[in-house]
Amino acid sequence: MSTLEAVGLGVAYDQVVAVHPLDLEVPEGRMVSVTGPTGAGKSSLLWALARALRPAVASVTGTVRVDDSPVDDRDSAARAGVVLVPQGNGLPAGLSAEESILVPMLALGVPAREASQRVDEQLARVGLDEFGRHLVDQLSGGQQQRVALARALALRPAVLLADESTSDLDAGNRERMMGLLREEAAGGAAIVFATHDPDAAAVTDAILALDQGVATWIRTV
Ligand SMILES: Nc1ncnc2c1ncn2[C@@H]1O[C@H](COP(=O)(O)OP(=O)(O)OP(=O)(O)O)[C@@H](O)[C@H]1O
């Protein structure tokens, strides 16, 4: 069970202000979507929440807390259970679907036997149990998105930040993946979901719209 809070969180790339300072609170069990046109600042916001923007790349202001504890850098975010599914999935090339789900768990110290069980469980949840041995590069864009979600869910995230994670899916799979995110929230995770898709945003608890980096709440939690 985890609450995500950001205060005065802003992102600038040199002279370009991608996200004007904003406040955000996602209580445990809730799912907030971040919407807006291309270039609005959605990815920048998610990366800033994950503390994944290096100072050489962007200047980030403000604070992020998970369950009232400060999260100041990538390592503390990982320790607090913050998991980012980046746009484009971030799956390593050259690994099979099951290896790409397994490796981050092993890196975080999940025992091998349990990690392997979680791989099977999550591949089944996203409907890809037949595809574990396939190289990620041999999967379709939509299948890769499902593997990326399985990989994130296997980590049992306290905070899940999903960037356009249903953009390549057909309606049935989109609904299924949104259902999985809902289940994850029901288990106590706080979820932020960036999307262009109004249908996907409509089923979340709250909607934060970004326009040229300026945030407006369309619906609050
Ligand atoms: N590494 C970077 N260096 C410089 N400017 C960047 C960088 N990344 C993003 N930007 C700029 O920041 C702004 C916000 O980009 P961002 O990718 O966060 O938007 P987005 O809403 O996620 O867009 P999309 O829907 O196309 O993914 C844009 O003006 C973009 O050009």
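Two strands pair if DSSP finds at least two bridges between them. Keep that in mind for the first stop. The model on screen is predicted.

**Stop 1: the hairpin.** Select residues 4-13, strand β1. Add 16-26, strand β2. Seven bridges join β1 to β2, and the two run antiparallel. Now pick out facing residues. Leu9 in β1 has Leu22 of β2 opposite. Glu5 faces Glu25 of β2 in the same manner, standing opposite that residue. Then go to the turn. Two residues lie between the strands of this hairpin, and Asp14 takes a positive phi near 55 degrees.

**Stop 2: the whole sheet.** Add β4, residues 59-66, and β5, residues 69-70. The sheet is open, has four strands and is ordered β2-β1-β4-β5 with antiparallel pairing. Which strands form the edges? They are β2 and β5, each of which pairs on one side only.

**Stop 3: the helix across the sheet.** Select residues 42-49, helix α1. Helix α1 lies across β1, β2 and β4. Relative to β1, the helix runs at about 125 degrees.

**Stop 4: a helix pair.** Move on to α5, residues 141-154, and α6, residues 171-186. Their axes come within 12 Å and cross at roughly 10 degrees. Angles under 35 degrees count as roughly parallel, so α5 and α6 are roughly parallel to each other. Show side chains at the contact. From α5, take Gly142, Arg146, Leu149 and Leu153. They meet Asn173, Met177, Leu180 and Glu184 of α6. Colour by residue class: the contact of α5 with α6 has four nonpolar, two polar and two charged residues.

Terms used:
Residues numbered from 1 in each chain as written. Predicted model: local features only at pLDDT ≥ 70, side-chain atom pairs only at ≥ 80, totals over all residues. Contact = placed C-beta atoms within 7 Å. Axes fitted to C-alpha atoms, helices over the stretch in contact; angles between N-to-C directions. Parallel < 35°, antiparallel > 145°, perpendicular 65-115°, else oblique. Nonpolar A, V, L, I, M, F, W, Y, C, P; charged D, E, K, R; others polar.
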